Amino acid sequence: MPAKHTEDLLAKMLEIIKSEPGVRPSEINRRLGLMQSDSLRATLIRRGLVRKVKEGQATHLYAE
């Protein structure tokens, strides 16, 4: 994936998380048309922009 495209996806993903605190990864995938987004989410977490919270089986994402 080209770096520009990746950064665009990261920006869109972060906007979704900011606008819907607690959004689930499956909803992000659906809205962005992705099969999976593990590596993108990991990048946002590693950059300190997003935190992941597990509640039982569910994962929720919040902007920092």
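**Why the labels apply: a three-helix, two-strand model**

The protein has three helices and two strands. Helices (H or I, at least four residues) and strands (E, at least two) are DSSP runs, numbered from the N terminus. This is a predicted model in which local features need pLDDT of at least 70 and side-chain atom pairs count only at pLDDT 80 or more, while totals for chains, interfaces and linings use all residues. Residues are numbered from 1 along each chain as its sequence is written, and side-chain values use heavy atoms, with hydrogens and water left out.

User: In what pattern do the helices and strands follow along the sequence?

Analyst: The pattern is α-α-α-β-β.

User: What makes the protein as compact as a globular protein of that length?

Analyst: The radius of gyration is taken over C-alpha atoms, and the globule rule is 2.2 Å times the number of residues to the power 0.38. For 64 residues the rule gives 11 Å and the radius of gyration of the protein is 11 Å, so the protein is as compact as a globular protein of that length. The C-alpha atoms fill a box of roughly 35 × 25 × 20 Å along the principal axes.

User: Why is Leu32 called buried?

Analyst: Buried means under 20% relative accessible area, exposed over 50%, and partly exposed in between (1.4 Å probe, protein chains only). Leu32 has a relative accessible area of 18%, so Leu32 is buried. Its place is in helix α2, residues 25-32.

User: Which residues does Leu32 touch, not counting residues up to four places away in sequence?

Analyst: Leu32 touches Leu9, Lys12, Met13 and Ile16; contact means heavy atoms within 4.5 Å. Leu32 and Ile16 are 16 residues apart in sequence, and their C-alpha atoms are 9.5 Å apart in space.

User: Why is Asn29 called buried?

Analyst: Asn29 has a relative accessible area of 12%, therefore Asn29 is buried. Asn29 also lies in helix α2. Beyond residues up to four places away in sequence, Asn29 touches Leu34, Met35, Gln36, Ser37 and Arg41.

User: How many of the 64 residues, as a percentage, are buried?

Analyst: Buried residues make up 36% of them.

User: How do you know that β1 and β2 pair?

Analyst: Two strands pair if DSSP finds at least two bridges between them. Strand β1 (residues 50-55) and strand β2 (residues 58-63) pair in the antiparallel sense over six bridges. Lys52 stands opposite Leu61 in β2. The hairpin of β1 and β2 has two residues between the strands, and Gly56 takes a positive phi near 65 degrees there.
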